[in-house]
Amino acid sequence: GLDVDQLTWVVRRVLDYSTGRRADLQFDLAELDGGEPGRPAFIRRELDHMRDVRALFEKARVLKWVALGAAAAAASALALLERRAALLRLARAFAGVSVAIILGWGACAAAALADFGGFWDLFHEVLFTNDLWLLPEDSLLIKMLPESLFRSLALAVLGLFAVQTVVILGAARWWSRGCEERGSAVRRSAAVTRHGGTGPPLTNE
């Protein structure tokens with residue numbers, strides 16, 4: 001088996017490859033245990049699967065920038081129409097999207113807690129178009145990253161995303177409420193001005 005230092009070394013290498021910081025995943029086990037050279041760490045099926053994982057990470061990065069660009073374009077378009085109304089609409093949109101995301105994360109977490117094996121299989125079946133993720137039990141990736149570890153990592157990631165989304169939701173609700181209050185104050189001031197400063201200001205129903 002791998003000790004903690006060896007496991008950390010291999011996991012870092014896998015993550016660097018998956019996120020595009022390393023060009024090649026394969027290495028000789030002699031680098032890890034100092035034994036005889038000429039022992040490739042990963043079998044072909046593992047390398048092919050990790051190539052798919054790397055492509056998935058690349059698509060996620062592209063999707064992130066597309067989403068950010070779309071959000072910036074929408075915010076700019078709204079701001080050109082009417083600044084105060086644009087901010088209010090943007091805040092409400094963020095709040096609505098945040099609620100939808102929280103519900104989605106909650107559903108994923110519930111499914112993972114109820115049956116992680118089934119959830120993990122479905123996750124791979126949705127994201128990958130082949131069965132390369134079905135690796136033999138003696139493969140290094142399986143030894144290094146057993147299902148129990150993936151379960152803990154998946155739940156931790158879901159929890160982190162949920163917390164971040166709740167923070168965004170809270171900020172959006174706070175901003176939306178502030179925009180509404182400022183808008184109400186402006187309308188009351190305008191009503192008083194129209195009436196020459198006499199009479200009660202108009203209030204929102």
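Reader: How do the elements of the chain run from the N terminus on?

Author: Helices and strands are read here as DSSP runs numbered from the N terminus, a helix (H or I) needing at least four residues and a strand (E) at least two. From the N terminus on, the order in this chain is α-α-α-α-α-α-α, which reflects seven helices and zero strands. This is a predicted model, in which local features need pLDDT of at least 70 and side-chain atom pairs count only at pLDDT 80 or more, whereas totals for chains, interfaces and linings use all residues. Residues are numbered from 1 along each chain as its sequence is written, and side-chain values use heavy atoms, with hydrogens and water left out.

Reader: How many residues does helix 1 have, and what span does it reach from its first C-alpha to its last?

Author: The expected span of a helix is 1.5 Å times one less than its number of residues. Helix 1 covers residues 4-18, which is 15 residues, and it reaches 21 Å from first to last C-alpha, close to the 21 Å expected. After helix 1 comes Gly 20, whose phi is positive, near 85 degrees.

Reader: Which residues of helix 1 are buried?

Author: A residue is called buried under 20% relative accessible area, exposed over 50%, and partly exposed in between, using a 1.4 Å probe and protein chains only. In helix 1 the buried residues are Gln 6, Val 10, Arg 13, Val 14, Asp 16, Tyr 17 and Ser 18. For the chain of 205 residues, the buried share is 24%.

Reader: What sits over the ring of Tyr 17?

Author: A charge is said to sit over a ring if NZ of Lys or CZ of Arg is within 6 Å of the ring centre and within 35 degrees of the ring normal. Here the charged end of Arg 54 sits over the Tyr 17 ring, 4.7 Å from its centre. Arg 54 itself is buried, with a relative accessible area of 17%.

Reader: How many salt bridges does a search of the whole structure find?

Author: Side chains of opposite charge can pair when their charged atoms come close. The term salt bridge is used when a side-chain nitrogen of Lys or Arg lies within 4 Å of a carboxyl oxygen of Asp or Glu. By that rule the whole structure has six salt bridges. One of them joins Asp 131 to Arg 45, at 3.3 Å from N to O. Because Asp 131 lies in the loop between helix 5 and helix 6 (140-144), while Arg 45 lies in helix 3 (residues 44-81), this pair ties together parts that are 86 residues apart in sequence. Asp 131 is partly exposed at 44% relative accessible area, and Arg 45 is also partly exposed, at 27%.

Reader: Which residues pair with Asp 48 and with Arg 54?

Author: Arg 51 meets Asp 48 in a salt bridge of 2.8 Å, N to O, and both residues lie in helix 3, three residues apart, about one turn of the helix. Arg 51 is partly exposed, with 42% relative accessibility. A network of salt bridges links Arg 44, Asp 48 and Arg 51. Arg 54 pairs with Glu 58, their closest N and O atoms being 3.8 Å apart; these two also lie in helix 3, four residues apart, about one turn. Glu 58 is partly exposed at 36%.

Reader: How many aromatic pairs does the count come to?

Author: Rings of Phe, Tyr and Trp (its six-membered ring) pair if their centres lie within 6.5 Å, and planes under 30 degrees apart count as stacked, over 60 as edge-to-face and the rest as tilted. The count comes to five aromatic pairs. Among them, Phe 116 and Trp 120 have ring centres 5.5 Å apart and planes at 20 degrees, so this pair is stacked. Trp 120 and Phe 123 are likewise stacked, because their centres are 5.2 Å apart and their planes at 10 degrees. Phe 116 and Trp 120 are four residues apart in helix 5, about one helical turn, and Trp 120 and Phe 123 are three residues apart there, again about one helical turn. One aromatic cluster is formed by Phe 116, Phe 119, Trp 120 and Phe 123. Trp 120 is buried at 16% relative accessibility, whereas Phe 123 is partly exposed at 33%.
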